[in-house]
Amino acid sequence: MDERRTAICEAVLDLAADGGNRAVTHGAVDRRLDLPKGSTSYYYRTRSDLLRAAIGRLATRSRDAFDRAAPRAVDRETAADVVAAQLDLLLGDRRRDALARYALAPDAAAEGLADLLATCLFSVPLATGLFTELGAYRPEDAAHDLISLLEGLLFDRLYGARSLVDRTPVEGVADLRRPVACWLAALVDSRPPDQRGPSPLS
C-alpha cells in the first residue's frame, strides 16, 4: 500500500474512533489530511471501497504487532504473556484501532464487510497454530474459544463494567493475563471423556 493510501486508511480509523461510523466520509478524509476536494474519491471511489481498505489496514496493523511479539518457542506461560500483552496493546497504544473496529461494525455489516471486520484484530489461523503447537485436542475449536474470550475481555474494558475501574498498566496486564492463562490451560487440557486420564479422585 503506497503512502497516500495508507494515510487515507489511517484517517478513516481516526475519524471512526473519534466520531463513530457517520464521521467517515470521503470529504472528511480530504479535510483531515488537508487534501484537495475529491482526492479520497480518486483512490477509493465508493464508501464500501474506503471501508474495505481501512479494515484491511487494521488487519495489517494487527499482524505486524503480533509478528513483532511472537516468541520463537511457545509454552503455556509464554503464550499467556504474549496474548495478554497484545490485548493490553489494544487497550493502550492501539486503543484507536479497537475503537474504530467497533465504530465501523454497523457499516461493515451493511456493506457486506462483516467477515473482514470480525477477523481484523484476532486471527483464527494464528490461534489455531498456537494451540497446535501447545498440543490441544481440537486446535481450531480451541482457537475460536480463545478469541471469544479475548473479544469479551476487550469489550469489557472498553465499554463494560471494567472500563469504570482505574488500574495501573501493570495491574491491567495482570488482570488480562489471569483469565487468558486459565483459559489456555483449560483449552489445551480439554479432552473428550473417553480420552481423559484417570481422575485424581478415582
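**Asp34**

I began with Asp34 and looked up its accessibility in this predicted model: at 70% relative accessibility, Asp34 counts as exposed, because the cut-off for that class is over 50%. I then placed Asp34 in the chain and found it in the loop between α2 and α3, the latter spanning residues 39-43. Its backbone also caught my eye, since Asp34 has a positive phi of about 55° although it is not a glycine.

**The chain as a whole**

Next I checked how confident the prediction is, and noted a mean pLDDT of 91 for the chain, with 94% of its residues reaching 70 or more. The stretch I set aside is residues 197-202, where the pLDDT is below 50 and where the model shows zero contacts beyond near neighbours in sequence. I listed the secondary structure and found 11 helices and zero strands. Along the principal axes, I noted that the C-alpha atoms fill a box of roughly 75 × 35 × 30 Å. Of the 202 residues, 40% count as buried, and among contacts between residues at least 6 apart in sequence, 68% join residues at least 24 apart.

**Ala11**

Is Ala11 buried or exposed? I found that Ala11, which lies in helix α1, has 3% relative accessibility and therefore counts as buried. Leaving aside neighbours within four places in sequence, I saw Ala11 in contact with Val29, Arg32 and Leu33. For one of these partners I also looked up the spacing: the C-alpha atoms of Ala11 and Val29 are separated by 6.0 Å, although the two residues stand 18 apart along the chain.

**Helix α6**

I turned to α6 (95-103) and asked which of its residues are buried. My list reads Arg96, Asp97, Ala98, Ala100, Arg101 and Ala103. What covers these residues includes α1, α4, α5, α7 (105-110), α8 (114-118) and α10.

**The nonpolar core**

In general, nonpolar side chains in soluble globular proteins tend to be buried together. With that in mind I looked at the largest nonpolar core, which has 54 residues, and noted that Val24, Phe122, Phe131, Leu150, Leu154 and Leu184 touch the most other members. At least two residues of this core come from each of α1, α2, α4, α5, α6, α9, α10 and α11. I followed up Phe122 and, not counting residues up to four places away in sequence, found it touching Leu87, Leu90, Ile147, Leu150, Glu151 and Leu154.

**Helices α9 and α11**

I then examined how helix α9 (residues 124-134) meets helix α11 (residues 169-189): their axes come within 10 Å and cross at roughly 65°. The crossing of α9 past α11 is right-handed. On the α9 side I found Leu130, Phe131 and Leu134 making the contact, and on the α11 side Leu184, Leu187 and Val188. By class, I noted six nonpolar residues in this contact, with no polar and no charged ones.

**Leu134**

Last, I went back to Leu134 in helix α9, which at 15% relative accessibility counts as buried, because that class takes in values under 20%. Apart from neighbours within four places in sequence, I found Leu134 in contact with Val74, Asp75, Arg76, Ala79 and Val188. I also looked up its spacing from Leu13, which lies 121 residues away along the chain, and found their C-alpha atoms separated by 35 Å.

Terms used
Residues numbered from 1 in each chain as written. Predicted model: local features only at pLDDT ≥ 70, side-chain atom pairs only at ≥ 80, totals over all residues. Heavy atoms only, no water. Axes fitted to C-alpha atoms, helices over the stretch in contact; angles between N-to-C directions. Helix = DSSP H or I, 4+ residues; strand = E, 2+ residues; numbered from the N terminus. Left-handed = near helix turned anticlockwise from the far one by under 90°. Contact = heavy atoms within 4.5 Å. Nonpolar A, V, L, I, M, F, W, Y, C, P; charged D, E, K, R; others polar. Core = buried A, V, L, I, M, F, W, Y, C linked by side-chain atoms within 4.5 Å. Buried < 20%, exposed > 50% of the residue type's maximum accessible area, 1.4 Å probe, protein only. pLDDT = per-residue confidence, 0-100.
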